[in-house]
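Colleague: Before this model is used for further calculations, I should like to go through its architecture and its side-chain pairs. May I put my questions in turn?

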Amino acid sequence: MRKHLLLVLSLGAATAACTSLLGDFTVKASAGDGGSSSGGEGGGTDTCKAVTSDVSVYLGQKATLDGSGSTTTSSDSLTYSWSVGAVPPGSGVATNTLSGGSTAQASFTPDLPGDYTLVLTVSAGDCPPPSTPATVHALLPQVLFAQGSIAGGAQASYVVADLDGGPPHPVMCPDTVVTSVPNEIATFAAYAGRAYDFWEAPAGQPSNYAAFTVDFLGGNYTTHLYAGTTASGCDASLPHDLGTNGFGPSPFGTQPRFNKSGTRFAVYDSQFNILTFAPDGSSQHTVTQYGTGQSGVAQLDPLGRGPAYNEPPRVAWNSSGTELAWARSNQTTGGWEVVTAPDQPNATPTLYMSCAGVTPREITLLDDGSIIAGYRASTTSGENIFQLTADNQQKCQVEHQYTSVSDASTAIAADFDVSPDQKTLAYLQLDPSVQDASLWNLSPSGQYPGGYVYIVPINAGSPPTQVSTQPALFGPRWIGGGTRLVFTGLDGTSDSGPPKTSVVVISPDGGGHQVVAQGDGVNTFVSTSGSSACDVAAGRVGPFGAALVSLAACAQILRRRRRR
């Protein structure tokens with residue numbers, strides 16, 4: 001006669017095994033590590049044991065509970081039956097909504113933040129039935145952004161906000177390290193958007209960031225680099241201070257970039273050397289120079305388009321996080337090329353592919369070795385986004401062209417981000433031939449960066465979709481393991497001052513619009529990070545138009561503010 005064994009997942013009994021760093025999560029049973037075992041009723045001769053753990057996911061991610069590590073001494077195979085216990089009030093998750101409820105692995109997608117209790121019942125032979133509960137923690141993602149004051153001298157801090165409406169938590173203070181003068185993350189962090197990078201950890205773990213600030217010392221502005229986590233703050237958990245030496249000139253700070261696993265990030269120094277660090281700022285590698293064999297800022301813009309193009313494109317990483325890639329101009333052919341180098345000191349760059357057109361401001365390497373790049377076919381054409389592969393002669397081949405903006409000089413599809421599962425591309429697009437671009441206009445002839453938020457499948461299986469009517473300045477960026485997008489909303493502009501901005505979060509389907517923070521452009525600012533914001537229409541004028549061009553220009557803005 002068979003007896004049922006009720007086994008429930010034990011709290012904290014084993015470590016979660018993640019199937020994907022930023023995607024779905026699975027908790028797998030590990031025999032012999034705690035958990036429940038047979039005994040008690042019936043005096044059966046068979047024994048059974050199960051070991052498992054709680055799991056944390058971002059709201060909207062699929063949670064998979066794995067009972068395949070359950071064991072029995074019975075000659076009968078285990079059978080499984082999952083049921084749902086307590087759920088957050090209002091949740092629609094129930095036993096009949098589970099996927100795989102009669103298998104070793106059951107999964108569901110939490111529909112509300114909070115804790116979900118699941119129970120596993122297994123049957124094999126005549127094992128007695130012990131029981132224990134297990135919890136799935138569904139967590140809201142966090143947003144890292146810059147916020148601060150404008151009036152009376154810029155003061156700012158990087159902060160992290162949960163999406164529950166609570167106050168943001170500072171991860172860096174305005175007086176961090178430099179106490180004699182305001183530490184100015186400056187309007188550059190807000191309005192030039194290339195000041196920091198944020199690597200999102202699996203749910204429930206601290207995420208990493210690397211960020212530049214602007215210090216005003218002895219009448220001069222200096223770029224200051226910090227590295228911290230979402231657990232950093234204004235107390236003993238201060239971020240790691242990488243100092244001001246080597247970052248500039250004038251000052252200069254091009255956006256850091258983490259590798260896929262968050263174990264290293266890359267930045268440029270004042271000579272355009274590519275440096276990499278561990279998340280705590282240790283283990284520095286001076287890998288190589290951006291344009292080895294070429295010298296000076298001219299290498300960044302051989303076509304002479306002006307200061308808006310005089311920052312090198314962000315460095316990209318391969319999928320394993322062991323090799324770097326970047327786009328640079330080819331002064332011989334007049335086009336551009338992608339080169340790679342291992343993440344080690346004094347590495348020698350190797351040609352990956354060579355392409356025609358204008359050097360991109362951003363590239364991303366996909367796991368299959370292809371490259372996503374946004375660039376212009378010529379200086380007068382619109383900027384589009386492509387997926388590129390290399391032929392047997394290392395020449396660019398267009399696998400997909402995702403966008404087709406007009407050839408207006410201000411038409412762009414840019415500032416893109418690839419979802420963690422590499423299935424979806426999110427980007428900004430603004431085409432004045434078909435869209436009203438007046439909100440981005442800056443008198444008399446300039447233009448703010450930005451556009452509207454779009455997404456498109458990486459495999460180009462369907463056309464691009466506009467997912468928000470909110471005008472944007474920077475973004476979008478994937479958060480919540482790919483369940484949401486965050487960007488800087490453009491709420492209003494002024495010829496005499498900075499724009500009004502907001503931090504906006506939406507779902508990839510365009511729903512769930514949430515304003516996390518707002519800046520009025522007069523006394524306060526807020527901003528997320530952009531990848532290519534400094535490449536906008538040349539010839540902009542006005543005090544805060546200049547701030548969009550480069551960090552050096554931003555320093556001039558702040559300097560003028562101090563003299564008023």
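The exchange below moves from the overall content to the sheets, the disulfide and the salt bridges.

Colleague: What is the status of the model, and how many helices and strands does the protein have?

Modeller: The model is predicted. Its secondary structure comprises 3 helices and 42 strands.

Colleague: What percentage of the residues counts as buried, and what area does the protein expose?

Modeller: The protein has 564 residues, of which 56% count as buried. Carbon and sulfur atoms supply 49% of the exposed area. That area is about 20800 Å².

Colleague: What share of the contacts with a separation of 6 or more comes from residues 24 or more positions apart?

Modeller: The count takes the contacts in the protein with a separation of 6 or more. Among these, residues 24 or more positions apart account for 57%.

Colleague: In the open sheet that contains β24, what is the order of the strands, and which strands stand at the edges?

Modeller: This open sheet has 4 strands with antiparallel pairing, in the order β24-β25-β26-β27. Each edge strand has a single partner strand, so one side of each is left without a neighbour in the sheet. The strands at the edges are β24 and β27.

Colleague: Within that sheet, how many bridges join β25 to β24, and how many join β25 to β26?

Modeller: Strand β24, residues 316-317, runs antiparallel to β25 and is joined to it by 2 bridges; there W317 stands opposite L324. Strand β26, residues 336-342, also runs antiparallel to β25, and its bridge pairs with β25 include E323 with P342 and A327 with V338. The counts are 2 bridges to β24 and 7 to β26.

Colleague: Which residues take a positive phi in the hairpins on either side of β25?

Modeller: The hairpin of β24 and β25 has 5 residues between the strands, and a positive phi near 75° occurs there at G321. The hairpin of β25 and β26 has 6 residues between the strands, with a positive phi near 85°. The residue in this second hairpin is G334.

Colleague: Is strand β25 mostly covered or mostly open, and how many of its residues are buried?

Modeller: Strand β25 spans residues 323-329 and is mostly covered. The buried residues number 6 of its 7.

Colleague: How is the open sheet containing β20 ordered, and which residue stands opposite R257?

Modeller: The sheet has 4 strands with antiparallel pairing, in the order β20-β21-β22-β23. Strands β20 and β23 stand at its edges with a single partner strand each, so one side of each lacks a neighbour in the sheet. Strand β20 is joined to β21, residues 265-268, by 2 bridges. In β21, the residue opposite R257 is A266.

Colleague: Which cysteines form the disulfide, and how far apart are their sulfur atoms?

Modeller: A search of the whole structure finds 1 disulfide, formed by C355 and C396. Because C355 lies in strand β27 and C396 in strand β31, the pair ties together parts that are 41 residues apart in sequence. C355 is buried, with a relative accessible area of 8%. The sulfur atoms of C355 and C396 are 1.6 Å apart.

Colleague: How many salt bridges does the structure hold, and at what N to O distance do D197 and R314 meet?

Modeller: The structure holds 9 salt bridges. One of them ties together parts that are 117 residues apart in sequence, because D197 lies in strand β16 and R314 in the loop between β23 and β24. Buried means under 20% relative accessible area, and D197 has 14% while R314 has 4%. The distance between D197 and R314, N to O, is 3.6 Å.

Colleague: Are the partners R477 and D415 buried or exposed, and what is the distance between their closest N and O atoms?

Modeller: R477 lies in strand β38 and D415 in strand β32, so this salt bridge ties together parts that are 62 residues apart in sequence. Both R477 and D415 are buried. Their closest N and O atoms are separated by 2.6 Å.

Colleague: Which residues do salt bridges with shared partners join into one network?

Modeller: The pair D197 and R314 belongs to this network. Its full membership is D197, R257, R314 and E362.

Colleague: At what N to O distance do the side chains of E383 and R376 meet?

Modeller: Both E383 and R376 are buried. Their side chains meet in a salt bridge with an N to O distance of 3.7 Å.

Conventions
Residues are numbered from 1 along each chain as its sequence is written. This is a predicted model: local features need pLDDT of at least 70, side-chain atom pairs count only at pLDDT 80 or more; totals for chains, interfaces and linings use all residues. Side-chain values use heavy atoms; hydrogens and water are left out. Buried means under 20% relative accessible area, exposed over 50%, partly exposed in between (1.4 Å probe, protein chains only). Two strands pair if DSSP finds at least two bridges between them. A disulfide is a pair of cysteine sulfur atoms within 2.5 Å. Contact means heavy atoms within 4.5 Å. Accessible areas come from the Shrake-Rupley method with a 1.4 Å probe; for residues, only the protein chains shown count as cover. A salt bridge is a side-chain nitrogen of Lys or Arg within 4 Å of a carboxyl oxygen of Asp or Glu.
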